[in-house]
Amino acid sequence: MHWKIKASLQKILHFTKIGDKLNHIPATLKKNYHKNVMIYQTHECLRKFDETTLTFTEDSKKTALEIGTGYSLISPVVLYLLGFDKIITVDISNDSSIKTFQKQIQHLENEGFLDKISARGKFCSTEIKEKIQQLQSFQTLEELLQFCHITYIPKYTLEAIENVSTSFDYICSQVVFEHIPPEFLQQLFTKMKVWLTEDGFAVHTINFIDHFANPGFFQDKNISEFNFLKYADKTWNFWAGNDIAYTNRLSYLYYLELCEANNLSVIEFKGENYRTHNPLSETEIHPDVVKKYKSLKSVEDVCKFQRGTLIFKK
Ligand SMILES: C[S@@+](CC[C@H](N)C(=O)[O-])C[C@H]1O[C@@H](n2cnc3c(N)ncnc32)[C@H](O)[C@@H]1O
């Protein structure tokens with residue numbers, strides 16, 4: 001289906017107060033949706049944490065910040081099961097609920113994650129199993145958050161984070177940064193420089209592709225996954241400048257520039273291409289896209305990776 005059909009529907013939906021929730025419904029109708037979300041969130045949370053050398057000891061307390069909670073609380077709960085003493089998870093929307101959590105947590109012990117969590121974390125498998133059984137019994141979000149020492153801040157501000165903590169051993173995000181405008185990304189990177197402890201790690205997985213090329217009923221199979229880089233800012237804002245469809249059209253190089261500008265020490269950037277790669281040629285990439293960068297060795301590099309994980313320290 002042509003991407004402009006999905007874009008038009010999202011534009012209409014965004015005028016309704018529940019547009020984002022309606023947009024999310026088709027995904028939840030898939031068979032095994034909640035089990036698959038639990039597997040994905042747990043796997044990705046452990047994969048990112050494995051990029052750090054953080055360890056847990058009895059006498060040191062560790063604090064984590066997750067940027068972009070989304071619909072699932074599995075990731076902050078896995079951070080708790082790993083051994084973080086305090087977890088803050090923030091989002092601009094308020095989409096997490098105890099009902100969704102109940103549908104997802106019931107699958108955690110069946111899927112062989114207990115040993116993986118205990119191998120990397122503070123608790124043994126038996127302790128984790130007991131904790132999961134308690135987690136399965138909670139009937140309210142408050143009970144769950146209190147038990148796991150999680151502070152959930154929907155519709156957050158940077159000040160709201162700092163009212164809870166200004167120091168983090170671990171800061172992570174999963175496919176969130178591409179939804180953040182460059183101006184706010186700059187503020188976030190400046191804050192991360194201040195917030196990270198000396199031994200702390202930030203690990204962020206970012207998706208760099210045009211979301212209208214994502215699989216699903218509305219997928220446009222005839223476009224490159226970098227199609228959105230062909231358009232002027234003004235044109236792209238017309239089609240996708242709303243809170244449901246917004247992506248910033250920035251590649252991994254922009255995040256590396258942000259690290260450099262904030263004197264953050266990049267440990268590694270792991271770029272991936274997880275589907276057929278159809279990069280654009282230099283002439284197809286709009287000058288508005290190119291001018292977002294301080295310097296580009298080669299313009300085509302903005303299409304080099306579809307997804308990646310950026311690991312940095314203070
Ligand atoms: C693709 S979802 C990913 C959610 C979750 N991390 C996951 O893996 O399922 C992107 C999320 O980023 C959130 N988001 C957008 N702008 C944000 C911002 N400035 N700060 C934090 N979260 C933001 C959205 O509300 C949405 O929940």
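Visitor: What share of the contacts with a separation of 6 or more in this protein comes from residues 24 or more positions apart?

Guide: A good place to start! In this predicted model, residues 24 or more positions apart account for 78% of the contacts that have a separation of 6 or more.

Visitor: And how do I read the overall dimensions? What radius of gyration does the protein have?

Guide: The idea is to set the value beside what a compact globule would give. For 314 residues that would be near 20 Å, and the protein has 20 Å, so the two agree. Along the principal axes, the C-alpha atoms fill a box of roughly 55 × 45 × 35 Å. As for burial, 35% of the 314 residues count as buried.

Visitor: How many helices and strands should I look for?

Guide: You should find 13 helices and seven strands. The seven strands make an open sheet with mixed pairing, in the order 3-2-1-4-5-7-6. Strand 3 (150-154) and strand 6 (265-272) are its edges, each pairing on one side only. From one strand to the next, the twist averages 10 degrees.

Visitor: In which sense do strand 1 and strand 2 pair?

Guide: Strand 1 (residues 63-67) runs parallel to strand 2 (residues 86-91), and five bridges join them. To see one of these on screen, pick T63, whose bridge partner in strand 2 is K86.

Visitor: Which helices should I look at beside the sheet?

Guide: Try helix 4 (residues 74-82), which lies across strand 1, strand 2, strand 3 and strand 4 (168-174). Helix 4 runs at about 170 degrees to strand 2. Helix 10 (residues 182-195) also packs on the sheet, where it touches strand 4 and strand 5 (196-207). The direction of helix 10 makes about 150 degrees with that of strand 5.

Visitor: Is helix 4 buried or exposed, and why?

Guide: To judge a helix, go through it residue by residue. A residue is buried when 20 or more other C-beta atoms lie within 10 Å of its own. In helix 4, nine of the nine residues are buried, so the helix is largely enclosed by the rest of the structure. Among them are I74, P76, Y80 and L82. Just after helix 4 comes G83, with a positive phi of about 135 degrees.

Visitor: Which residues other than glycine have a positive phi?

Guide: Two to look up are H149 and V175. H149 has a phi near 55 degrees and sits in the loop between helix 8 (141-147) and strand 3. V175 has a phi near 45 degrees, and its place is in the loop between strand 4 and helix 10.

Visitor: Why does H149 count as partly exposed?

Guide: Count its neighbours again. H149 counts as partly exposed because it has 16 C-beta neighbours inside 10 Å. V175 is also partly exposed, with 15 other C-beta atoms within 10 Å.

Visitor: Could we finish with one cysteine? Where is C259 found?

Guide: C259 is in helix 12 (residues 252-261). Because 19 other C-beta atoms lie within 10 Å, C259 is partly exposed. Leaving aside residues up to four places away in sequence, C259 touches L264, V266 and F312.

Visitor: How far apart are C259 and T42 in space?

Guide: From C-alpha to C-alpha they are 27 Å apart, and in sequence C259 and T42 are 217 residues apart. Try picking both of them in the model above!

Terms used: Residues numbered from 1 in each chain as written. Predicted model: local features only at pLDDT ≥ 70, side-chain atom pairs only at ≥ 80, totals over all residues. Pairing = 2+ DSSP bridges. Helix = DSSP H or I, 4+ residues; strand = E, 2+ residues; numbered from the N terminus. Axes fitted to C-alpha atoms, helices over the stretch in contact; angles between N-to-C directions. Contact = placed C-beta atoms within 7 Å. Buried ≥ 20, exposed ≤ 12 C-beta atoms within 10 Å, placed from the backbone. Rg over C-alpha atoms; globule rule 2.2 N^0.38 Å.
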